[in-house]
Amino acid sequence: MSKNPEFVKFDKVDKSYDGKVLVVKDLQLDIAEGEFITMLGPSGSGKTTCLMMLAGFETPTHGEILLDGNIISNIPPHKRGIGMVFQNYALFPHMTVYENLAFPLRVRKVEKDEIDKKVDKALSMVSLNGFETRMPAQLSGGQQQRVAVARALVFDPAVVLMDEPLGALDKNLRESMQYEIKHIHESIGVTVVYVTHDQSEALTMSNRIAVFNDGKVQQLSDPAELYEKPVNSFVAEFIGENNTFNGEVVDINQDKCKVKLANSEILANPISVKSKGEKTTVSLRPERALINPTDKMDNMFTGKIEEVIYHGDHTRVRLNLLGSSEFILKVPNSTSNLELKVSQDINIGWNSTDARALDPK
Amino acid sequence: MSSETKQILTTDGIPLEVSLKKAEKKNKIKAFLLVAPLLLFLIITYVFPIGEMFSRSIDDKMITNMLPKTFKEMEKWDGQELPPEEVFTAFYYDFKVLVDKQEHGKLGQRLNKEKNGFNSITKKLFRQVKRKKIDESTSIKEQIMKVHKRWRNVEYWQAIKRTAPPYTMSKYLKGMDMYYAADGSITQVEEDRRIHRILWLRTLEIAFFVTLFCFLMGYPIAHLLATLPMKYSNLLMICVLLPFWTSLLVRTASWMILLQQQGVVNDFFVMIGLVADDSRPEMMYNKVGTYVAMTQILLPFMVLPLYSVMKTISPSLMRAGKSLGGTPFVAFWKVYFPLTIPGIGAGCLLVFILAIGYYITPALVGGASGTLISNQIAFHMKQTLDWSFASAMGLMLLSGVLVIYWIYNKLVGVDNIKLG
C-alpha cells in the first residue's frame with residue numbers, strides 16, 4: 001500500500017483572531033500518511049492554533065486544510081474522525097476508564113462486544129489492563145496520560161493530534177512516555193501530529209519536525225538534519241545549544257566564506273549568505289569545537305577559561321574567545337580527562353563546515 | 001498482631017499519643033474559642049427560638065393550671081355519661097377562683113376553641129357565681145345543670161376532659177385540617193373548610209415551578225457567565241447580581257407596576273395588538289404574579305452555584321467529547337451536563353427552600369390564589385394572635401424542609417452539592 005505523502009495538507013492557511021495580527025501566516029505543510037510529525041516552537045508561535053484548526057475547533061481565516069484529499073474546513077470536529085490527546089488529558093472525570101474509552105465507540109453505535117474488544121486492546125496497548133473500573137482521579141498522572149492516549153486511538157482514527165501531552169509529567173516519566181508513544185506509533189502506523197515546546201521531546205520522537213516561529217514554519221526536516229543543518233539562526237538557537245558570532249562576510253566562494261568579527265576573522269560555511277559585505281551570524285555547536293585538536297582544522301584559536309561547570313556526563317566550559325566571553329564548550333567525561341582550571345589558556349579548533357553562516361540575528 | 005504494636009515513646013519517654021494530644025489540645029481550644037461567638041449567637045438566635053416555638057406550639061398548660069381540681073376528679077370519670085357530683089363540685093371551686101381573679105373569660109375563650117358554645121355558657125355560669133346564686137351546701141351538679149342546658153350535655157364535659165393534658169397536638173392537626181372529634185379520634189374537617197391543605201399543596205406547587213423556571217433560565221445564563229471572556233462575563237455578572245443589591249420590597253413593588261392591569265406589560269401587549277384594550281389579562285393578584293416575581297427574585301440563587309461549578313469544568317472536556325465523535329448535543333449531555341449536577345443540586349435546593357417559605361412577594365402580588373403558607377402563618381401571628389398555631393405551622397414548614405433535604409440527600413447526595 002503506497003502511503004499518501006499529502007495525507008494532511010495545509011494549503012496557504014492564514015489565521016487571525018482579532019483581524020489585526022496573523023497568528024499563522026501562509027502555512028504550507030504536507031504531512032505523509034503514517035508519519036510522526038512534530039510542531040515545535042516557542043509559545044505563541046502558532047503551533048497550537050494549527051493543531052486546533054486541524055481538529056476543527058478553529059477555522060482558518062484563509063486557505064484550506066485537506067485530509068486525504070478532502071477539504072475539511074467546513075466539517076465539524078465530531079465528523080472529522082481525528083483523535084486528540086489534550087494538554088491536561090481531558091479525561092471525563094465522572095466516567096470510569098472503561099467508559100472513557102468506550103465513549104467514542106458508543107457515539108459511533110458500535111456493538112457492545114466490539115466495544116469490549118477494542119477497549120481491551122487499547123488498554124493493553126498502554127499496559128493498563130485491569131484498570132477499567134477506576135475513575136480518572138484514582139490514577140496517577142502517567143496513567144491518566146496513557147488512558148488519554150488509548151482513548152484517542154481506540155476508534156482507529158486516521159490522524160491523532162497530541163497537544164503537549166507530556167507537559168504535566170515529571171522528567172523521568174516524560175522520557176519513558178516519549179518512548180512509549182513512539183513505540184505505539186511504530187506498531188500501529190497511525191499519523192501523529194504532535195505539538196510541543198520541548199526540543200528534546202521533538203528530537204527523540206519525530207519523523208519530521210516543523211519548527212514554528214512567528215506564525216511561520218522556519219524549517220521542516222528530520223531531527224538529525226534539523227540539529228546538524230539549521231537553515232536560519234532562529235532554528236539554530238532554538239534547537240540545542242549554539243555558539244554564535246556576529247560579523248560581516250569579507251570573502252566568499254563555493255563552500256567557504258571569511259567572516260570578519262570585531263577584531264579577528266573566522267572561516268565558515270556559507271548557508272544563507274550570498275555575497276560580500278552581508279551581515280551574518282555564524283552558528284557553531286559546542287560539541288564541534290575541540291580542545292587541543294590533533295587533526296588540522298581551519299579555525300584554530302586560543303581562549304581563556306572563564307568558568308567550569310560539572311554536569312556529570314560532561315563538563316561545560318565557558319571561554320573568553322574572539323572577544324566574546326559566552327563561548328560554550330562541552331567536554332565529555334571520559335577517562336582521558338583534561339585538567340581544566342579557570343583562567344587557564346587553551347587551544348580550540350573547529351572545521352569551517354560546522355560553522356554555519358546564517359542570517360544575522 | 002496489629003493490636004500488639006509497640007508503643008512509641010518520644011525522646012522524653014512520654015508515649016507519643018499522649019504527647020500529640022497535649023500538643024493538639026492548645027490548638028483545639030484556640031479553634032473552639034474562635035467559633036465560640038458564632039456558636040453562642042446560633043444558640044441564642046436559632047436553637048433557642050426554635051425550642052421556644054416548639055414548646056409554644058404544643059403548650060396547653062394554661063387551662064391545666066386553671067382547672068387543677070376538676071382534672072384531678074375527671075381522672076376517675078370514664079367519660080361516657082355525665083360526670084359525677086365530685087367533678088361538678090371541683091369545677092365549681094376552680095371556677096370560683098377564676099372569677100375572683102377575673103380570668104373566667106380566658107377559660108371561656110379557650111374552651112370555645114375546643115367546642116363552640118362554651119363562651120356563652122361560661123358567661124352565664126359566671127353571672128350565677130358572681131351573684132352567689134349557687135348554694136354550696138346542696139348538690140352543685142344540679143345547680144350548674146340548671147344554669148344552661150349545655151351544661152347537661154355530656155359532649156361539653158368530654159371537651160373539658162380533652163383539654164386536661166398540659167400538651168396538645170391539636171395545633172398541628174389544625175394545620176393539616178384535622179381535629180380531635182368528641183370521642184378523641186382524629187378527624188378531618190369538612191371538605192369545604194380544608195384551607196390549609198390547599199395552601200400547603202399550593203406552596204409546594206409554586207416552589208416547584210419557581211425552581212423549575214429558575215433552572216431553565218439560570219442554566220444558560222450560568223453557562224454564558226462561565227464561558228464568556230472576562231470583560232463581558234463581569235458585566236453579565238453585575239446584571240445577575242443587580243437584583244441582589246436592590247431591596248426586596250422595591251423589586252416586588254416594581255413588579256406590581258409592571259404587571260398590573262393598567263401596567264407597563266399590559267400596555268405593551270395592547271400596543272402591539274396582542275390583546276384588546278378592554279380585555280387586558282390579569283397578571284397580578286394571582287399565581288402568575290407570584291411565579292413571575294418570585295422567579296426573578298430567586299434567580300441569582302440558582303445562577304451562582306451553577307456558575308461556580310461550571311467555572312471549574314475545563315473547556316477541553318467538551319472539545320474532547322466532540323473530537324471523539326460526539327455531536328455537540330451528545331458532548332453536552334454526556335460530558336458537560338453530568339458534571340454540572342452538583343451545581344444543579346445546590347441551586348435547586350436553595351431556590352426551593354427559599355421559595356417554600358417566601359412571604360413578602362406572594363403577600364403583595366399573590367392576591368387570593370397566589371398566597372402561600374407563610375402568609376397564613378403571618379396572618380395568625382398578626383391578626384388572630386394565635387401564636388401557638390403560627391408556631392406549629394412554622395415548625396411543620398421547617399420539618400417539611402428537613403424532609404426535602406433528606407430526600408435530596410438520598411437522590412443527589414450532599415457531597416455532590418456544591419454551594420460555591
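**Exercise 1. Describe how the side chains along strand 12 (residues 257-260) of chain A are distributed between the two faces, and state which of them are buried.**

Solution. Begin with the criterion: a residue is buried if 20 or more other C-beta atoms lie within 10 Å of its own, exposed if 12 or fewer, and partly exposed in between, with C-beta atoms placed from the backbone. In a regular strand the side chains alternate between the two faces of the sheet. Along strand 12 of chain A, A:Cys257 and A:Val259 point to one face and are buried, while A:Lys258 and A:Lys260 point to the other and are not. This is a predicted model, in which local features need pLDDT of at least 70, side-chain atom pairs count only at pLDDT 80 or more, and totals for chains, interfaces and linings use all residues. Residues are numbered from 1 along each chain as its sequence is written, and chains are lettered from A and ligands numbered from 1 in the order in which they are written.

**Exercise 2. Determine which strands of chain A pair with strand 12, and place them in the barrel.**

Solution. Helices (H or I, at least four residues) and strands (E, at least two) are DSSP runs, numbered from the N terminus, and two strands pair if DSSP finds at least two bridges between them.

Step 1. Strand 11 (residues 243-252) of chain A pairs with strand 12 of chain A in the antiparallel sense over four bridges, and the two form a hairpin with four residues between them. In this pairing A:Lys260 of strand 12 is the bridge partner of A:Glu248.

Step 2. Strand 13 (residues 265-270) of chain A is also antiparallel to strand 12 of chain A, over four bridges, and again four residues lie between the two strands of the hairpin. Here A:Val259 has A:Ile266 in strand 13 as its bridge partner.

Step 3. These strands belong to a closed barrel of five strands in chain A, which runs 11-12-13-20-14 with mixed pairing. From one strand to the next the twist averages 55 degrees, where axes are lines fitted to C-alpha atoms, for helices over the stretch in contact, and angles run from 0 to 180 degrees between N-to-C directions.

Step 4. Within the barrel, strand 14 (residues 279-284) and strand 20 (residues 356-358) of chain A pair in the antiparallel sense over three bridges, with A:Ser283 opposite A:Arg356 of strand 20.

**Exercise 3. Characterise the side of chain A that touches chain B.**

Solution. Two residues are in contact if their C-beta atoms, placed from the backbone, lie within 7 Å. On that basis the contact takes 18 residues from chain A and 15 residues from chain B. Strand 6 (82-85) and helix 2 (97-106) of chain A each supply at least two residues of the chain A side. That side divides into 13 nonpolar, three polar and two charged residues, where Ala, Val, Leu, Ile, Met, Phe, Trp, Tyr, Cys and Pro count as nonpolar, Asp, Glu, Lys and Arg as charged, and the others, Gly among them, as polar.

**Exercise 4. Explain why the buried residues of helix 18 (residues 373-382) of chain B lie on the same side of the helix.**

Solution. The buried residues are B:Ile373, B:Ser374, B:Ile377 and B:His380. They cover an arc of only 120 degrees around the axis, so they are on the same side of helix 18 of chain B; the arc is that of the directions from the helix axis to the C-beta atoms. The buried residues of this helix pack against helix 10 (195-227) and helix 19 (387-411) of chain B.
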